[in-house]
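Subject: Structure handover

Hello,

Here is the structure we spoke about. Please load it before reading on; my notes follow below.

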Amino acid sequence: MIGFLHPWMLAGLAAAGVPVLLHLLQRREPPTVPFPAVRYLITVTQQHQRRLKLQNWLLLAVRTLLIAVIVLAAAGPTVATRGVPGHGPSALVLVVDNSASSAAVVDGTPRLTGLKAAAQGVLARATPDDALWLLTADGVPRPGGAPALGELVRRLEPSPRRMDLGAALATADGILAAQSRPEQIVLLSDMQASAVSRAELHAPLLVGRPSDAPVRNVGVRALAAGTQPWSVDGGHAVVSLAGDSGAAVPLTVRLGTRAGRQALASVGGSTTIDVPAAPGGWWILSAELDPDELRLDDRRVGVVRVAPPARVEWTAADHYLAAAAEVLAANHRVARGKGVTLGTLGPGPSIVEPPADPAAIGALNRALARRGVGWRFGAITREAGTSDSLAGQPGARVLMRHRLEPEGGAHGGVVARVGREPWIVRGADVVLIGSRLEPEWTELPLAAAFMPFVDFLVNRAARGEAALIETAPGDPAPLPDRVTEVRRDGRRWRVEGGATFRPEDPGAYFLMAGDDTVGAISANVDSRESLLAPAGDAQVRALWPGARVMPPARVADQVFASSARGDLRGPLLWTALALGLLEVLLASTVARGRAESGGGGHAGQRAAAPAARAGARLTV
């Protein structure tokens with residue numbers, strides 16, 4: 001079916017009637033002039049007249065058709081066929097998967113090199129009339145012309161970010177939804193099975209994927225530093241690997257720039273490595289493998305806080321807290337002494353739960369105000385909920401709690417919430433818990449997470465070091481309320497507490513509250529990028545119905561032929577040129593014939609008609 005890019009130009013077809021109108025205006029009946037003795041001219045004149053009449057009608061048809069063809073070409077006709085050279089203006093989103101797995105080297109060449117070459121081939125087939133977008137692992141659609149996008153593709157490097165292909169295709173389909181011209185999505189990817197997800201698409205999809213087998217790979221999947229802070233005696237690092245190789249590989253764990261500790265590790269298990277003592281402070285812990293064909297997953301980092309155990313005082317009257325403190329002391333996680341007061345408000349850093357006697361709430365709130373805490377205990381609510389996860393443990397079920405209310409307009413210092421309301425907060429050097437740590441208030445005292453929770457309170461929350469966040473580059477990391485700045489290797493980002501931060505690259509990012517380090521973000525390549533096994537063509541077509549799958553080298557030949565409409569303007573303009581040349585030839589022939597008949601076609605007719613009538617009279 002033929003369509004038009006500029007259908008309003010078809011109004012110009014009315015101009016095709018101009019040659020017809022001029023022809024009719026020139027067909028006036030000439031006057032009769034008596035002319036004797038011309039009987040011998042009648043036959044010759046009639047033959048010449050018929051020939052001129054035929055040439056005039058042919059010239060009229062050529063001129064009318066010439067105008068119609070020019071108007072049709074201006075209207076921009078297109079047709080859905082592969083037989084017409086070129087293509088009409090189209091809308092295309094080019095998705096290039098430059099996620100971490102694209103850095104894998106196969107036969108000496110990174111996967112991304114072949115994908116980039118295929119992308120350049122697609123852009124080379126585009127025209128200035130096409131609407132183009134480029135979408136890569138950063139998730140930002142970039143519109144532009146073929147030269148500009150080609151330069152972006154040329155500079156494209158493997159990204160540490162993961163690309164969910166289903167989500168990327170949904171983004172591309174959303175871009176094309178507003179387009180009225182023919183549309184298509186082109187995906188160039190190594191098609192990791194771990195990256196393929198379902199997407200409901202309306203635009204035609206063309207998938208270019210390598211046909212050769214991927215390399216075998218092993219990467220660092222996880223690095224756990226255990227309960228923090230580490231004591232000055234050292235700690236333990238637990239490392240697990242991901243990949244598709246069962247061979248044991250050398251693993252090195254290093255604290256800062258100190259000498260590393262080595263071990264053999266395999267995919268499917270975990271390896272525990274003892275890390276020797278280190279001075280107090282913040283340290284970067286790393287686990288490294290020997291380089292292989294995919295290097296972006298050969299190193300993983302974490303952040304460790306080294307500090308002496310907190311000195312804590314507690315009372316035996318608070319049974320659950322006292323029992324937890326005794327166990328922590330036996331395991332050298334705390335030491336008994338005047339430092340952090342556990343359970344009640346003390347003269348120094350304190351972990352405060354609401355008093356058992358509700359009548360004592362008022363006096364406690366006044367004491368908190370004098371300390372400048374900025375928070376107070378409010379009314380009791382029995383609305384059950386689940387708290388945020390803390391100390392690497394899942395959230396706790398909270399059955400009853402006091403609402404924690406800010407004073408003086410201060411809302412910062414929230415450590416954990418139940419629903420959207422603060423449950424644990426920190427102000428000055430005091431940590432407030434909205435519930436008593438008893439089974440009637442929360443299920444936490446009877447759970448396995450209770451010991452790590454109390455350890456977190458006395459060794460981290462009381463010191464103002466609440467956040468040790470793990471994420472992947474490009475993913476959002478929630479920031480504690482107190483954070484004002486993020487630092488890494490001399491770079492600084494001003495941030496707002498309670499917002500999110502997206503690390504750009506793998507590494508350790510330190511969270512600052514003024515000049516105090518209050519936490520850290522460990523950004524590492526998503527462990528799913530280590531799994532290079534590809535999805536099969538059948539799986540791809542099942543998740544994305546209608547997708548055409550082929551090697552990347554064939555994509556450029558198929559991209560616009562599969563979804564764009566052929567542009568008929570070129571053939572029409574060549575036809576117009578041929579008609580113009582024919583019109584010139586006919587016009588010169590007709591003019592020459594008119595001259596031979598004595599002053600033009602109608603002049604010859606004026607001479608022939610009287611001659612015929614005169615000859616007829618003579619015959620009578």
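I start with one helix, then widen out. Keep in mind that this is a predicted model.

**Helix α6**

Leu321, Ala322, Ala324, Ala325 and Leu328 are the buried residues of α6. Viewed down the helix axis, these buried residues fall within an arc of 165°, so they line one face of α6. The general rule is that an α-helix has 3.6 residues a turn, so residues three or four places apart point the same way. His319 and Ala330 are exposed, on the other side of α6. The cover over the buried residues of α6 includes β18 (334–336), β19 (340–343) and α8.

The length of α6 also checks out. It has 12 residues, 319–330, which should span 16 Å at 1.5 Å a residue; the end C-alpha atoms are 17 Å apart, in agreement. After α6 comes His332, with a positive phi near 60°.

**Helix α7**

α7 covers residues 361–370, and its buried residues are Ile361, Leu364, Asn365, Ala367 and Leu368. Around the axis they take up an arc of only 160°, which puts them on the same side of α7. Arg366 and Arg370 are exposed, on the face turned away from that buried side. The buried residues of α7 pack against four strands: β20 (350–352), β21 (375–381), β24 (401–406) and β27 (430–433). Gly372 follows α7, and its phi is positive, near 75°.

**Helix α5**

α5 runs over residues 165–176. From first C-alpha to last, its 12 residues reach 17 Å, close to the 16 Å expected at 1.5 Å a residue. The buried residues in α5 are Leu165, Gly166, Ala168, Leu169, Ala172, Asp173, Ile175 and Leu176. What covers them includes β3 (91–96), β6 (131–135), β8 (183–188) and β9 (205–208).

**The largest pocket**

This may be the part you want for your own work. How much space lies in the largest pocket? About 1,200 Å³. Its lining has 43 residues. Arg460, Ala466, Ala467, Leu468 and Ile469 lie nearest the centre. Six elements give two or more residues each to the lining: β10 (218–224), β16 (299–306), β25 (414–418), α8 (450–461), β28 (467–471) and β34 (516–523). By type, the lining divides into 22 nonpolar, 12 polar and 9 charged residues.

Note that α8 comes up twice: it helps cover the buried residues of α6, and it gives residues to the pocket lining.

**Val418**

Val418 sits in strand β25. Is it buried or exposed? Its relative accessibility is 4%, and buried means under 20%, so Val418 counts as buried. Leaving out residues up to four places away in sequence, Val418 touches Gly385, Thr386, Ser387, Val398, Arg401 and Trp423. Take Ser387 among these: it is 31 residues from Val418 in sequence, yet the two C-alpha atoms are 4.4 Å apart.

**The whole chain**

The protein chain has 12 helices and 36 strands. Of its 620 residues, 47% count as buried. Consider the contacts with a separation of 6 or more: residues 24 or more positions apart account for 69% of them.

Best wishes

Notes. Residues are numbered from 1 along each chain as its sequence is written. This is a predicted model: local features need pLDDT of at least 70, side-chain atom pairs count only at pLDDT 80 or more; totals for chains, interfaces and linings use all residues. Side-chain values use heavy atoms; hydrogens and water are left out. On a 1 Å grid over the protein atoms alone, a cavity is a set of points where a 1.4 Å probe fits but cannot get out, and a pocket is an open set with protein on both sides within 12 Å along at least five of seven lines; lining residues have an atom within 4 Å of a point. Grid points are joined across faces, edges and corners, and a volume is the space filled by probe spheres set on the points. Ala, Val, Leu, Ile, Met, Phe, Trp, Tyr, Cys and Pro count as nonpolar, Asp, Glu, Lys and Arg as charged, and the others, Gly among them, as polar. The expected span of a helix is 1.5 Å times one less than its number of residues. Buried means under 20% relative accessible area, exposed over 50%, partly exposed in between (1.4 Å probe, protein chains only). The arc is that of the directions from the helix axis to the C-beta atoms. Contact means heavy atoms within 4.5 Å.
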